[in-house]
Amino acid sequence: MSKKQDHIQDIAEIRSMMERSSKFLSLSGLSGVLAGFYALTGVYLAYSLYGFRPTEIITNKQASDFSEVVVIALLVLILAIGTAVTFSYRRATSKGEKIWNSTSRRLLVNVSVPLVAGAGLALVLFSKGFVGLIPSITLLFYGLALFTGGSFTFNEIKFLGVIQILLGLIAAYFVEYALIFWAVGFGFTHIIYGIYIHIRHKQ
Amino acid sequence: MKISFDDLHKAFESRIRLGIMSVLAVNDSLDFNALKEFLDATDGNLATHIKKLEQEGFVESNKSFIDNKPNTRYYMTAEGKDAFHNHLEVLEKIINSQK
């Protein structure tokens, strides 16, 4: 029966339509790798140039003593987001899709809410001198953002979120090593995950 | 059990109509341009197929204005959801019965 082939084709089409219209699949793996390198460079600079090595949850230094570190962190963030947008844009256009559509919009909204909440808390803690908690807070909220965002893009992103959350919790306990966990979370896991996504989804 | 092709709803014979239903099944509502982008269809073609689904009562629309431009958002009715799920079940049965 040739009809059978038609029906199998119908189902394949339905499945692909449901996925394409509900998930943003142009996310670039390579931009994750680059984001990892930016983060590692940032940690290295903060550590070696500016002596950023929090050992206690509360520091008696002034918040302004760390202003260079905040600038580095913001630069890393802007570079990482810029790279992700540029690479994903290229990816989307090469597939003949728009980057700003209902799927990317939904991904962005769902990722932004936990991220903004985390960034706000990090700034408050920072201004109160709880510098030792910043690596763990940023990892935790970033992990939550990825976990939520995973529903709107590749499923594997959810698992990456769980890894970041675990690293965040460990970093909160071992404050002396928080910077190392921060480098592992934002640096190494990004690189490994970026390569994985790149190979798995050929982008 | 004998499954007949008559159980497949006529409204879903067209790939575009099936596509519209698939897309609306996983999105609360979408405007015309979003549908057009996902389905890769021309304005006229898409409009005809949406009208057909509206006549069946599977799809409804909300008209509003965004920046003085008319914006129509389409969504699936409860009836449409049932019909779509039934359609998937029948497709599944047909395929299984021919293994």
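## Contacts along the sequence

Contact here means heavy atoms within 4.5 Å. In the predicted model described below, 54% of the contacts in chain B between residues at least 6 apart in sequence join residues at least 24 apart. For chain A, residues 24 or more positions apart account for 77% of the contacts with a separation of 6 or more.

## Architecture of chain A

Chain A contains seven helices and zero strands, so that, by the definition of helices and strands as DSSP runs, its elements read α-α-α-α-α-α-α from the N terminus on. The C-alpha trace of this chain spans about 80 × 25 × 25 Å along its principal axes. Of the 203 residues in chain A, buried residues make up 42%.

## Architecture of chain B

Chain B combines both kinds of element, with four helices and three strands. Read from the N terminus, the order in chain B is α-β-α-α-β-β-α. A box of roughly 55 × 25 × 20 Å, taken along the principal axes, holds the C-alpha atoms of chain B. Among the 99 residues of this chain, 43% count as buried.

## Nonpolar cores

The largest nonpolar core has 34 residues. Within this core, the residues with the most contacts are Phe52(A), Ile137(A), Leu139(A), Trp182(A) and Phe186(A). Six helices of chain A give two or more residues each to the core: H2 (29-48), H3 (67-94), H4, H5 (134-149), H6 (156-173) and H7 (178-200). The largest share, eight residues, comes from H7(A).

Ile137(A) offers a local view of the packing. With its neighbours within four places in sequence left aside, Ile137(A) is in contact with Gly118(A), Leu121(A), Ala122(A) and Leu125(A). Apart from the largest core lies another, of 30 residues. Phe32(B), Leu39(B), Leu53(B) and Tyr74(B) are among the residues of this other core.

## Extent of the interface

Chain A brings 22 residues to the contact between the chains, and chain B brings 21 residues. The area buried between chain A and chain B is about 1,900 Å². Carbon and sulfur atoms give 66% of that area. On the side of chain A, His7(A), Ile14(A) and Met17(A) together supply 27% of the area that the chain buries against chain B, more than any other three residues.

## Polar and charged features of the interface

Between chain A and chain B the count is one salt bridge. It joins the side chains of Asp10(A) and Arg15(B), at 2.6 Å from N to O. Polar contacts between the two chains involve five residue pairs, with both residues at pLDDT 80 or more.

Two helices of chain A, H1 (2-22) and H4 (102-127), each supply at least two residues of the side that touches chain B. H1(A) makes the largest contribution to this side, with 15 residues. By class, the side of chain A that touches chain B consists of six nonpolar, seven polar and nine charged residues.

## Roles of the helices in chain A

Helix H4 of chain A appears in two settings. H4 supplies at least two residues of the side of chain A that touches chain B, and H4 also gives two or more residues to the largest nonpolar core. H1(A) provides the largest share of the side facing chain B, whereas H7(A) provides the largest share of that core.

Conventions: Residues numbered from 1 in each chain as written. Chains lettered and ligands numbered in written order. Predicted model: local features only at pLDDT ≥ 70, side-chain atom pairs only at ≥ 80, totals over all residues. Heavy atoms only, no water. Buried area = accessible area lost by both parts, 1.4 Å probe. Salt bridge = Lys/Arg side-chain N within 4 Å of Asp/Glu carboxyl O. Polar contact = N/O pair within 3.5 Å; in protein donor to acceptor, adjacent residues only side chain to side chain. Nonpolar A, V, L, I, M, F, W, Y, C, P; charged D, E, K, R; others polar. Core = buried A, V, L, I, M, F, W, Y, C linked by side-chain atoms within 4.5 Å. Buried < 20%, exposed > 50% of the residue type's maximum accessible area, 1.4 Å probe, protein only.
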